[in-house]
Structures are given as structure tokens and as C-alpha cells.
Amino acid sequence: MEEMRKDVPRHLALFALVLLVTGGSVHSPKTLSVVTTLPDLRSITEEIGGDRVDVISIATGYQNPHFVDPKPSHILKLSRADMFVTVGLDLTLGWVPPLLTSSRNARIQPGAAGYVDTSIGVPLLQIPSSVSRERGDIHIFGNPHYWLDPVQGHRIAQNIHDALVRLQPEDQDYFTANLQSFNLRLDTKISEWKAKMLPFQGTTIIAYHNQWPYFEAAFGLEIAEFLEPRPGIPPTPSQLAKVIRLMQQEEINVIIISPYYKPDAAELVARNVNGKVVIMASSVDAFPEVKTYFDLFDYNVNLMIEALDSSSP
Ligand SMILES: [Zn+2]
């Protein structure tokens, strides 16, 4: 009896110490509230953050990420968020800055600990030597569609990991283990996707918008022309005539577009050259079966193989 009574205060002291060290979160780990611009970033944040994050994406996967009309509920969510994750560059320049201002949340403003630009460290393609917005250029810092190269998934994940550790250092081991597991799985899948695409190395295709240079580089395709005469400018009759001529001369059969572009122009061109229109998943959630960053490439690689297989002579 004497023994036990002496032990009680020692247990209490230990418990108090644990509370002090962990900030009181002995039993339930703290959950960070995260808002991302795109579902692709949501998927990767979920991979790294696991059960320590609660993530929503503002844009849906079938919406044009250049032009998003956020809802009041998004501003409310942002006003309470611990972390904001964005593609950066100029992809969302039209809608993210006013949204962040409206949130009045100092923790997620550019430069704050909770602001994450996932383009940091990404080797950008197509950095222009001169630009003019008047000519319709909507990508003035280099092409921002880098998440469509799965290798850049590593860089995105690293940036998200570093921010999570910055905001919640007590969970560093957990976040780092998740990052390592994600990187391993991604590398395995990248090998698988590249092996599947190997027979189609050097195949020339057409795209609606200039959003596939990273996908093209990752999988050895060549995009010869776009239906848009300049990025962000809708297809014109003269541009479509140019594409039709090119497809006939070079025997190009496939036009890839995103779910948020009207398929009319692509279908018109395809009819003229007996080609086909392929609606790719340009983001996670573009289609119901594309739920994760891994699904994105499973879907696109399989779709591409099917299209190129059946269009080859
Ligand atoms: Zn774009």
C-alpha cells in the first residue's frame, strides 16, 4: 500500500510532462486543415499527410483550372485553413490571389508558413524569352502543367512534406515515412507506365491546349500542333485548316483534349482526317475512376495505348 501511494504523484508528474512536451495531444494527433487548388495536389497531400490532414480542393478535376469561379464556401474553408497548396506560376493567377485576400487568413498568404507553392524546384519547360499577354499568352513563367509528368510528383510531394513538417514538427517521422512510401510506389508505377508506352516512342499527336509538354517528355510522345492558335485563344478556322493539313501530311491520327474543352473543333478536324479524339484526364477527378494521382496515369497511359494501338496501320 505504501508503495502505491508513493507512485501516484510520480505518474501524475509523468503525465504532466507528456502533456507539456506534446502540447496536450497525447491521444488524438492534431489534424491540419488543408485547401488545395487542384485535386491532384489534394491527392498527394492526402498521401503524405495521412490521417493528420483534412484536405479539400477548390477546383474539380473536370473544370478548367485556368478559370475557376470559387464559391463562398471555399472562402470560409480558406479562412480557417492551416495550409494552402497551389500549382504556382501563372496557372491560377486569375482566381487565387483575390481568393486568398478574401480569406483574411494570414497563415496561408504567400510567404507565410502555411503557403505551399509546389512548383518550387520543378525544372520548368517552355520558359518564354518574351511574352505578351495581348497575344493571348497565358503561360508567361513557363508551362505550369507540370503535375502531368509523374516524375514531378516526387517534387510536389517533397514540397508538401516540408510544409507539413514546418507546421507540425511533432509528426515529422510520420510525414517522412509517408513520403518515402509514396516515392517508392510512384517509382514502381513510373517504370510500369514507361514500359507500357515504350512501343509508342516518337509517335506524333495533336493537342487542344498546350498542357501536355511534361506528359509528352515523360513518355516520349511528340505533340506537333495545337487546336488553339496560342495558349488560351480558342481554335480559329485558319488554325484548324493548318492542323488538318499537317495531320494529312504527317499521317497523325490522334487529337488529345481535356474534359473541359468543347469537343466540336477536335471532332471536326478528326472527321476530316479520319482520326480520333481522345479525352484525357488532365487532373485527378476528371472522371469517376480517376480518384488518385496514381489513377491519373493509369487512366491516361491505358487510354493513350488504346488510341495509338488502334490507329497504327
Ligand atoms: Zn494551360
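This passage describes two sheets and the helices that pack on them in a predicted model.

The strands of a sheet pair through backbone hydrogen bonds, and the pairing can be parallel or antiparallel. In one open sheet of this model, 4 strands follow the order β2-β1-β3-β4. Their pairing is parallel. The edges are taken by β2 (53–57) and β4 (115–117). Each has a single partner strand, so one side of each lacks a neighbour in the sheet. Neighbouring strands are turned against each other by 20 degrees on average, direction ignored.

The pairing of β3 with β4 can be followed at residue level. Strand β3 covers residues 83–86 and joins β4 over 3 bridges, in the parallel sense. Thr-86 stands opposite Asp-117, a residue of β4.

Helix α2, formed by residues 39–49, packs on this sheet. The strands it touches are β1 (32–36), β2 and β3. The direction of α2 makes about 170 degrees with that of β2.

Helix α2 also packs with helix α5, which spans residues 152–167. The angle between α2 and α5 is about 55 degrees, and their axes are 9 Å apart. Helix α2 is therefore oblique to α5. The crossing of α2 and α5 is right-handed. On the α2 side, the contact is made by Leu-41, Ile-44, Thr-45, Glu-47, Ile-48 and Gly-49. On the α5 side, these residues meet Gly-153, Ile-156, Ala-157, Ile-160, His-161 and Leu-164. Sorted by class, the contact has 7 nonpolar, 4 polar and 1 charged residues.

A further open sheet is built from 4 strands in the order β6-β5-β7-β8. Here, too, the pairing is parallel. Strands β6 (222–226) and β8 (276–279) stand at the edges. Each of them pairs with a single partner strand, so one side of each has no neighbour in the sheet. On average, neighbouring strands of this sheet are turned by 35 degrees against each other, direction ignored.

Within this sheet, strand β5 (residues 204–207) runs parallel to strand β7 (residues 254–257). The two are joined by 2 bridges. Ala-207 stands opposite Ile-256 of β7. Helix α8, made of residues 237–250, lies across β5 and β6. Helix α8 runs at about 145 degrees to β6.

Key: Residues numbered from 1 in each chain as written. Predicted model: local features only at pLDDT ≥ 70, side-chain atom pairs only at ≥ 80, totals over all residues. Pairing = 2+ DSSP bridges. Axes fitted to C-alpha atoms, helices over the stretch in contact; angles between N-to-C directions. Contact = placed C-beta atoms within 7 Å. Parallel < 35°, antiparallel > 145°, perpendicular 65-115°, else oblique. Left-handed = near helix turned anticlockwise from the far one by under 90°. Nonpolar A, V, L, I, M, F, W, Y, C, P; charged D, E, K, R; others polar.
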